[in-house]
Amino acid sequence: MRNLTIFLTIFIFSSYAYGEFSLIKLGVDDNNTVLVTGGIQGDEPGGFMSANLLARKYEIISGSLYVVPNLNMPSILKKSRGVNGDMNRKFDKISDKDPEKDVVEQIKSLVLQPNISMLVNLHDGSGFYRPKYINQMMNPNRWGNIVIIDQSTLDGALYGDLEQNANKVVDRLNSKILDPKHKYHLRNTRTSDGDKEMLKSLSYFAIKNGKSAYANEASKSLPINERVYYHLIAVEEYLKLAGIEFKRDFELTPQGVKKALDEDLSVLVCGKFLFYLPKSRLGYIPLSSDGKLDFDCDNALVALTKTQGIYNIHYGNNIITRFTPEFFEYSNLIDEIGIRIDDDEPKFVKLGQKIVVDSSFMIMPKDGVRANIIGYGTTISDESGIKITKDMIKSRFSMDKKEQIYRVEFYEMCDGKDKFIGMILVEFAK
Ligand SMILES: [Zn+2]
């Protein structure tokens, strides 16, 4: 069961406001909810991409899981540890003037909700932690590949045997280790004994308030898919500890993770728009003429920014595609359209979807609606009622590098300028 609650997923331009992150709720709410957070620091993609994959590719069969993949979205967009300083040092005291005041207060109140029984914060740390100095990248001052707790136990809290539980996670990680160099360790920061930095962290805020908290660090020396691999092994172990049953639709191996990350971005659904992302630059995309962008994406790590009239679609730390907008007003005249696929009987297809055809498609004519097959024809005219094969569309208008996916836009015909209704993608499978 998937229950999506998004505080906010519309990130527009640089006017992106602070105090906004996505909260994705999986499973059925109960009093034993695990909260997983990623992206408290913007330059730790292993952590926030793991959280995002958890939110998007896992199904909770029993129990309740909350995921916040993008705690510090402005810093994620800038690939910065913290555009306004380190957010993870703002949980003891924060100035009213701090631009991150709202987001810090929001995540605090989320942690304090009575239903939250465990917090797992995902980070990427440098090098590989070793209790004794081995070399520059493997020593006690490194934070890569560790499970962190603030103290051994938290009396009275659910899952309060912090050290015992963290050791189970360390053992599980080490049973799945890809290379002996990656060996995981437990690190107890003994925060209340006077670790000045850790006293200000989100984890310790949870501990102070009687909530079990754990942090998982994956090494920045590892490729992203291996960091995600380790993070998800750890998260799965915490879910098991909390008795939460789950399913995922990919194999938890470095290769499986890589494939899942790629697939997750293959088609991006943003309100009326569909983007097929592997192509680095798209052509003209209609945008609402009221100046607002209807860009409500279903992916928490996706955001839009604008530089000199060109729009950038960000995914986490990277810009994945750019486009130039053409402004239109929106219409809600239809939400589905008849399409004949490969000479079959016409069927209705909801706008905002991708259809797959072997060799041809025909948009069924609809009163008042103009179909525009991008890359076919040169004049503004309705292109419904025409059997379209791939060779009739100019390949440079494709949405993908393999030149198999094209878009069809639908407009309400008006006396003045036509209004944009929506779009579909057509993939030629052969
Ligand atoms: Zn971190």
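The points below go through two helices, one strand with its partners, and the aromatic pairs of this predicted model.

1. Helix H3, residues 101–112, counts 12 residues, and the 16 Å from its first C-alpha to its last is close to the 16 Å expected at 1.5 Å a residue. Val-103, Val-104, Ile-107, Lys-108, Leu-110 and Val-111 are the buried residues to note in this helix, a lysine being listed along with the aliphatic side chains. These residues lie on the same side of H3, because the arc they cover around the axis is only 160°. As for what they meet there, the buried residues of H3 pack against strands S3 (33–38), S5 (64–68) and S6 (116–125), and also against helix H5 (202–208).

2. Strand S9, residues 146–149, is covered on both faces, with Ile-146 and Ile-148 buried on one side and Val-147 and Ile-149 buried on the other. This arrangement can be read against the general rule that, in a regular strand, side chains alternate between the two faces of the sheet.

3. The pairing of S9 deserves a separate look. With strand S10 (residues 185–188) S9 pairs in the parallel sense over 4 bridges, and within S10 it is Asn-188 that serves as the bridge partner of Ile-149. Between these two strands the chain passes through helix H4 (residues 162–175), giving a β-α-β crossover that is right-handed. With strand S11 (residues 212–219), by contrast, S9 pairs in the antiparallel sense over 3 bridges, and here the bridge partner of Ile-146 is Glu-217.

4. In helix H7, residues 254–264, the buried positions are Pro-254, Gly-256, Val-257, Ala-260, Leu-261 and Asp-264. Since they cover an arc of only 160° around the axis, they fall on the same side of H7, whereas Gln-255 and Lys-259, on the other side of the helix, are exposed. The buried residues of H7 pack against helices H1 (45–57) and H6 (224–241) as well as strands S13 (267–270) and S17 (310–315).

5. Searching the whole structure gives 9 aromatic pairs. One of them joins Tyr-58 and Phe-250, whose ring centres are 5.9 Å apart and whose planes stand at 75°, so the pair is edge-to-face. Because Tyr-58 belongs to strand S4 (residues 58–62) while Phe-250 sits in the loop between strand S12 (245–248) and H7, the pair ties together parts that are 192 residues apart in sequence. Both Tyr-58 and Phe-250 are buried, and ring pairs link these two with Phe-246 into a cluster.

How values were computed:
Residues are numbered from 1 along each chain as its sequence is written. This is a predicted model: local features need pLDDT of at least 70, side-chain atom pairs count only at pLDDT 80 or more; totals for chains, interfaces and linings use all residues. Side-chain values use heavy atoms; hydrogens and water are left out. The expected span of a helix is 1.5 Å times one less than its number of residues. Buried means under 20% relative accessible area, exposed over 50%, partly exposed in between (1.4 Å probe, protein chains only). The arc is that of the directions from the helix axis to the C-beta atoms. Contact means heavy atoms within 4.5 Å. Two strands pair if DSSP finds at least two bridges between them. A crossover is right-handed if, with the strands pointing away from the viewer, the path from the first strand over the helix to the second runs clockwise. Rings of Phe, Tyr and Trp (its six-membered ring) pair if their centres lie within 6.5 Å; planes under 30 degrees apart count as stacked, over 60 as edge-to-face and the rest as tilted.
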